[in-house]
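Visitor: I would like to learn how to read backbone features in a model. Could we start with the end of a helix?

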Amino acid sequence: MGLFKKIFQKSKQDEIQITVTSSKIAHLGDYGEDLPPLNYDESEFLTEIGNTEPVCPYCNAELEKFPQRKKKCPNCGNPIYSRSRPLDRKKTLIREDEVSELEKEWSKLRLFREFELEYRTDPDCITKTAGKLSEKFGYKAAFNDVLWSVYSKQRAKYASKGYWGYYRNSTMKMGQMLSNEGKYDQSLNFMLETLYLDLNGPDNHGHFNPNRPNEELFAPGILQDIQKIASKGDFSDTKIAESFILHNTTIYKALKLPLSPEEAWKQQQILTEMRVNEEYPGLVYLNHN
Ligand SMILES: [Zn+2]
């Protein structure tokens with residue numbers, strides 16, 4: 001195994017808890033009650049997937065009690081999955097082929113929470129962007145198209161002002177968004193770019209300085225994000241290393257960064273090794289062989 005050994009796999013339960021937490025944060029906006037209602041609603045894309053009654057989703061046999069985890073139907077023998085659905089947070093019984101469908105709904109909801117958060121931060125920007133896009137498309141633009149457009153605009157603005165720290169954050173958000181949409185190839189590039197920017201030490205005053213103290217360089221979370229995307233997209237360690245160099249060569253030239261992708265990759269390996277040996281919190285999962 002290479003650098004990105006498959007170690008960081010969150011359970012579904014963890015993801016659900018994260019969603020609930022971010023939903024709470026999303027409702028703590030600065031605008032309070034004065035904020036006009038958002039012209040988008042999560043019920044537009046959430047469904048009544050599965051059975052909320054103790055009934056087998058294959059053969060409709062009544063079950064003795066509601067299974068709390070995966071269970072074989074005593075009548076037809078098929079695997080019944082017990083999951084909570086985002087629509088109403090109710091536990092529901094689903095078929096094997098519905099598992100990925102349900103996961104997609106959770107992903108979309110996570111994205112929608114980000115959208116709500118952006119709206120609370122800058123409602124005018126969301127409203128104007130939604131209006132422009134809808135006019136261009138000839139129908140109401142989907143919330144994720146609006147969110148993507150807002151992120152792109154913010155990122156371009158940060159680049160023009162030399163706010164490289166914020167630029168880095170936008171790059172990461174866009175990568176996470178692509179991952180939530182199941183676009184793992186594109187997502188990987190955005191996340192590898194985020195890591196590359198981190199290693200170059202971005203600040204919000206127009207500079208990059210890769211020679212900051214080690215502990216200030218890249219956040220452990222970014223490696224874990226890359227790990228997750230690699231696992232979902234089934235990317236090998238070689239592919240990750242190659243993509244890092246290939247994608248970031250363009251960035252290196254465009255932004256005239258101090259560290260070349262090759263130097264940055266080497267630096268990342270050294271730092272990761274140091275962190276593993278010194279057991280930095282958050283990186284204990286990373287196994288660097
Ligand atoms: Zn059954």
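Guide: Look at the phi angle of the residue that follows. In this predicted model, Lys256 sits just after helix 8 and takes a positive phi of about 50°.

Visitor: How many residues does helix 8 have, and how far does it reach?

Guide: Compare the end-to-end reach with the expected span. Helix 8 covers residues 237-255, which is 19 residues. From first C-alpha to last, the reach is 26 Å, close to the expected 27 Å.

Visitor: Where is the kink in helix 8 centred?

Guide: On Asn248, with a bend of about 35°.

Visitor: Which residues in helix 8 are buried?

Guide: Count neighbouring C-beta atoms: 20 or more within 10 Å makes a residue buried. Ile240, Phe244, Asn248 and Tyr252 are buried in helix 8. Asn248 is thus on that list and also at the centre of the kink.

Visitor: Back to phi. Which value does Asn60 have?

Guide: A positive one, about 65°, although Asn60 is not a glycine. Then check the location. Asn60 lies in the loop between helix 1 (12-26) and strand 1 (71-72).

Visitor: Is Asn60 buried or exposed?

Guide: Exposed, because 11 other C-beta atoms lie within 10 Å, and the cut-off for exposed is 12 or fewer.

Visitor: What about Arg89: where is its place?

Guide: In the loop between strand 2 (79-84) and strand 3 (91-94). Arg89 is not a glycine, yet its phi is positive, about 60°. Arg89 is exposed, with 11 other C-beta atoms within 10 Å.

Note on methods. Residues are numbered from 1 along each chain as its sequence is written. This is a predicted model: local features need pLDDT of at least 70, side-chain atom pairs count only at pLDDT 80 or more; totals for chains, interfaces and linings use all residues. Helices (H or I, at least four residues) and strands (E, at least two) are DSSP runs, numbered from the N terminus. The expected span of a helix is 1.5 Å times one less than its number of residues. The bend at a residue is the angle between axes fitted to the seven residues ending there and the seven starting there.
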